[in-house]
Amino acid sequence: MKFRKKPVTVEAVQWFRYGDHPAVARYFDNKGYINTLEGGHEVAPGDWIITGVKGEHYPCKPDIFAMTYEPAE
């Protein structure tokens, strides 16, 4: 079976350095660390941090973000 994502508007911020987003809990060696519903994930400069429909945060690589999301009006 194939499925398509429902159209949902999300908040997203592109992360470049510590202090750009409050969800980045730690910073080490030019990478951040973010807690997600699935556990912790690294965030590299240029990654997007998305706020999901339940207020959760998760990182997304720039190429995947560009293929999946477009600006909302």
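**Salt bridges, strands and core**

Reader: Does Asp-47 count as buried or exposed, and at what relative accessibility?
Author: This is a predicted model, in which local features need pLDDT of at least 70 and side-chain atom pairs count only at pLDDT 80 or more, while totals for chains, interfaces and linings use all residues. Residues are numbered from 1 along each chain as its sequence is written, and side-chain values use heavy atoms, with hydrogens and water left out. Asp-47 counts as buried (under 20% relative accessible area, against over 50% for exposed and in between for partly exposed; 1.4 Å probe, protein chains only), because its relative accessibility is 3%.

Reader: Which residue meets the side chain of Asp-47 in a salt bridge?
Author: The side chains meet with an N to O distance of 3.0 Å, which satisfies the rule for a salt bridge (a side-chain nitrogen of Lys or Arg within 4 Å of a carboxyl oxygen of Asp or Glu). Asp-47 lies in the loop between β4 and β5 (48-51) and its partner in the loop between β6 (57-60) and α1 (62-68), so the pair ties together parts that are 14 residues apart in sequence. The partner is partly exposed, with a relative accessible area of 43%, and it is Lys-61.

Reader: How many salt bridges does the rule give, and which residue forms one with Lys-31?
Author: The count comes to two salt bridges. In the one formed by Lys-31, the closest N and O atoms are 3.5 Å apart, and the pair links distant parts of the chain, eleven residues apart, with Lys-31 in strand β3 and its partner in strand β4 (residues 39-43). Lys-31 counts as partly exposed because its relative accessibility is 36%, whereas the partner counts as exposed at 53%; that partner is Glu-42.

Reader: Which residue of β2 stands opposite Lys-31?
Author: Strands here are DSSP runs of E with at least two residues (helices being H or I runs of at least four), numbered from the N terminus, and two strands pair if DSSP finds at least two bridges between them. Strand β2 (residues 24-28) and strand β3 (residues 31-36) pair in the antiparallel sense over four bridges. In this pairing the residue opposite Lys-31 is Phe-28.

Reader: Where do Asp-29 and Asn-30 lie, and what is the phi of each?
Author: Asp-29 and Asn-30 are both found in the loop between β2 and β3, a hairpin with two residues between the strands. Most residues other than glycine have a negative phi. Asp-29 is exposed, since its relative accessible area is 63%, and Asn-30 is partly exposed because its relative accessible area is 44%. The phi of Asp-29 is about 55°, and that of Asn-30 is near 65°.

Reader: Which strands stand at the edges of the open sheet of three strands?
Author: The sheet has the order β1-β5-β6, with antiparallel pairing. Each edge strand has a single partner strand, so one side of each is left without a neighbour in the sheet. Four bridges join β5 to β6, and Thr-51 stands opposite His-57. The edge strands are β1 (11-14) and β6.

Reader: Which six residues make up the largest nonpolar core?
Author: A nonpolar core is a set of buried Ala, Val, Leu, Ile, Met, Phe, Trp, Tyr and Cys residues joined through side-chain atoms within 4.5 Å. Val-24 touches (heavy atoms within 4.5 Å) Trp-15, Tyr-18, Gly-32, Tyr-33 and Ile-49, not counting residues up to four places away in sequence. The largest nonpolar core consists of Trp-15, Ala-23, Val-24, Ile-34, Val-43 and Ile-49.
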